[in-house]
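Here's a quick briefing on aromatic pairs and model confidence. Have a look at the structure first, then read on.

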Amino acid sequence: TSGIVTGITVAGQFFIQAGPGAWDGVYVYDNQQTVTVGDSVTFTCNVSEYNGLTELSGVANFVVVSSGNSLYAPVVITSGTMDEQYEGVLVKVNNANCTVADAGNGMWTIDDGSGAVNTDDVIFHFTPNAGTHYDVIGIGYYSFGAYKILPRDASDITIASGIEDVNNASVISVFPNPAVSFFTIQSSERIASVELFNVVGEKIHTFEDNLVNYPVSAYKPGVYFVKIYTQNGSVITKRIKL
């Protein structure tokens, strides 16, 4: 078989993907090989089901054909459809609410409205905020009787932008973008609170109530998310800090 390495759990245990869609990925268990994400590899092996997860083992004739290859784009799925066809496949769930920030054993739960699925820290540990919506990329996985998604690093998890569940009649305007010293919020509704998140979803500041200009000069240049709460709900908007 052959494929491109998409993620590594520990040395010698990794995932490969050989195409752009469902059924194109698989887990490889072989403690003899050292690989890097982006390696194109070929080998012979045994195929088995280990505790419900399809696994390649007994690897022989292993060759790294080339390195630095581009990965297949993540398959966009809904959280409720994560199942066996996506084992070993890079997937993405958009605009999923973190319903449980700590589901135990390094897991947290997301739900985009289609059903819940856990993310797991087999490769990368992340501490989410309950009630925040995330776009999550990761590798499909199965363990302890459940399908999961394994993010690989911080870039696989971002706050979903453009989320708006406030009353349609409300008008919220946030400017300027980019911002240097502060951003301004104008709203037809009373603002209850405003929070600032970094690009991986960590809340880094809660602003004082009833401000007009919200200071950001203390923060490094980059992408941030502003979550604005009103009496009718909340809205998240992506902001750039120069």
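Start with the shaky bit: residues 163-169 stay under 50 in pLDDT (the predictor's confidence in each residue, from 0 to 100), yet the model gives that stretch 19 contacts (heavy atoms within 4.5 Å) beyond four places in sequence. This is a predicted model, where local features need pLDDT of at least 70, side-chain atom pairs count only at pLDDT 80 or more, and totals for chains, interfaces and linings use all residues. Residues are numbered from 1 along each chain as its sequence is written, and side-chain values use heavy atoms, with hydrogens and water left out.

**Confidence**
- The chain's average pLDDT is 91, and 96% of the residues score at least 70.
- Among the chain's elements, mean pLDDT is lowest in strand E19 (residues 233-241), at 83, and highest in E9, at 98; strands are DSSP runs of at least two residues, numbered from the N terminus.

**Aromatic pairs**
- There are 13 aromatic pairs in the structure, counting rings of Phe, Tyr and Trp (its six-membered ring) with centres within 6.5 Å; planes under 30 degrees apart are stacked, over 60 edge-to-face and the rest tilted.
- Phe 15 and Tyr 27 make a tilted pair, 5.1 Å centre to centre with 50 degrees between the planes.
- Phe 15 sits in strand E2 (residues 13-17) and Tyr 27 in strand E3 (residues 25-29), so their pair ties together parts 12 residues apart in sequence.
- Phe 15 and Tyr 27 are both buried, meaning under 20% relative accessible area (exposed is over 50%, partly exposed in between; 1.4 Å probe, protein chains only).
- Trp 108 and Phe 126 are also a tilted pair, at 5.4 Å and 45 degrees.
- Trp 108 counts as buried at 3% relative accessibility, and Phe 126 does at 7%.

**Cluster**
- Phe 14, Phe 43 and Phe 62 belong to one aromatic cluster.

Methods: Helix = DSSP H or I, 4+ residues; strand = E, 2+ residues; numbered from the N terminus.
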